[in-house]
Amino acid sequence: MLEDYKGICYETNPQVYEPSEDTFLFADNIEVERMSRVLEIGTGVGIIAIMVARRARMVIATDINPYALECAVKNIISNKSFNIELREGDLFEPVTNEKFDLILFNTPYLPSSSEEKVNDELNAAWDGGVNGREVIDRFLADVKDYLNPCGRVQMVQSSLSNINKTLKKLEELGFKASVTAKEKHFFEEVVIITAYT
Ligand SMILES: C[S@@+](CC[C@H](N)C(=O)[O-])C[C@H]1O[C@@H](n2cnc3c(N)ncnc32)[C@H](O)[C@@H]1O
């Protein structure tokens with residue numbers, strides 16, 4: 001079935017994260033400099049990358065889930081976003097030695113025990129390990145190496161996975177970091193964190 005968000009038509013796939021409130025909060029709060037070079041990690045069906053590609057010079061969109069890339073390529077073609085390049089892989093592995101002006105990631109941020117894991121590719125969309133920070137901490141450890149001078153990071157996180165810890169880590173890395181948007185949900189608060197070098 002085709003969905004629509006602010007003029008972007010997209011299809012979904014049962015094995016790919018379906019754009020939800022966190023996606024739309026992110027889409028509405030990303031600041032893209034005209035002609036910038038952008039990396040989106042974990043693109044899912046691709047709607048963030050498609051939205052950002054309207055302003056950016058070039059977007060590299062990655063995902064660890066091969067079904068996400070299959071779905072995203074269809075959406076990229078149907079939205080004629082020909083300045084997006086898709087790559088499969090874990091975090092920064094598909095962009096080794098490259099630099100970006102803006103790095104985006106709607107992270108898998110839910111704390112989950114081994115019993116809660118689902119045995120398919122969709123698990124990667126939400127599974128943040130026991131404290132919800134497994135992927136977030138790996139992302140933070142390397143993100144600075146992939147930014148141009150004056151580059152920015154914007155990421156999505158939940159109150160369930162310790163927002164203050166992320167802000168502190170970013171400050172330790174030399175970023176000015178803050179929560180730039182938030183939305184309360186039934187059992188959590190979802191925030192957008194923006195960090196400047
Ligand atoms: C919460 S979903 C967000 C999807 C999409 N960006 C959106 O906002 O709707 C997280 C995405 O990150 C991907 N992902 C999880 N861990 C990853 C990793 N280590 N490297 C690359 N992508 C990852 C998942 O497969 C999933 O598509």
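Ala, Val, Leu, Ile, Met, Phe, Trp, Tyr, Cys and Pro count as nonpolar, Asp, Glu, Lys and Arg as charged, and the others, Gly among them, as polar. On this basis, the shell around the ligand divides into 12 nonpolar, seven polar and two charged residues. The model is predicted. In it, 21 residues surround the ligand. The closest are Thr23, Gly42, Gly44, Asn65 and Asn106. Helix H1 (21-29), strand S4 (58-63) and helix H4 (123-126) are the elements that give two or more residues to this shell.

The main sheet is open and has seven strands. Their order is S5-S4-S3-S6-S7-S9-S8, and the pairing is mixed. Strand S5 (84-88) and strand S8 (176-184) are the edges, and each pairs on one side only. Neighbouring strands are turned by 15° against each other on average, direction ignored. Helix H3 (residues 66-78) lies across S4 and S5. The helix runs at about 165° to S5.

At the S8 edge, S8 and S9 run antiparallel and are joined by eight bridges. Val179 stands opposite Ile193 in S9. Strand S9 spans residues 189-196. Ile193 has 23 other C-beta atoms within 10 Å; the cut-off for burial is 20 or more, so Ile193 is buried. Leaving aside neighbours within four places in sequence, Ile193 is in contact with Met155, Gln157, Thr166, Leu167, Ala177 and Val179. Ser161 is 32 residues from Ile193 in sequence. In space the two are 13 Å apart, C-alpha to C-alpha.

The largest nonpolar core has 52 residues. Val52, Val59 and Ile103 have the most contacts inside it. Helix H2 (residues 47-53) gives the most to this core, with seven residues. For Val59, the contacts beyond four places in sequence are Val38, Glu40, Ala49, Val52, Ala53, Asn83 and Ile84.

A hairpin is formed by S1 and S2, with two residues between them. Strand S1 covers residues 2-5 and runs antiparallel to S2, with four bridges joining the pair. Leu2 stands opposite Glu11 in S2. In the turn, Lys6 has a positive phi of about 45°. In a regular strand the side chains alternate between the two faces of the sheet. Strand S2 (residues 8-11) shows such alternation. Ile8 and Tyr10 point to one face and are buried. Cys9 and Glu11 point to the other and are not buried.

Notes:
Residues are numbered from 1 along each chain as its sequence is written. This is a predicted model: local features need pLDDT of at least 70, side-chain atom pairs count only at pLDDT 80 or more; totals for chains, interfaces and linings use all residues. A nonpolar core is a set of buried Ala, Val, Leu, Ile, Met, Phe, Trp, Tyr and Cys residues joined through C-beta atoms within 7 Å. A residue is buried if 20 or more other C-beta atoms lie within 10 Å of its own, exposed if 12 or fewer, and partly exposed in between; C-beta atoms are placed from the backbone. Two residues are in contact if their C-beta atoms, placed from the backbone, lie within 7 Å. A residue is near a molecule or strand if its C-beta atom, placed from the backbone, lies within 6 Å of it. Two strands pair if DSSP finds at least two bridges between them. Axes are lines fitted to C-alpha atoms, for helices over the stretch in contact, and angles run from 0 to 180 degrees between N-to-C directions.
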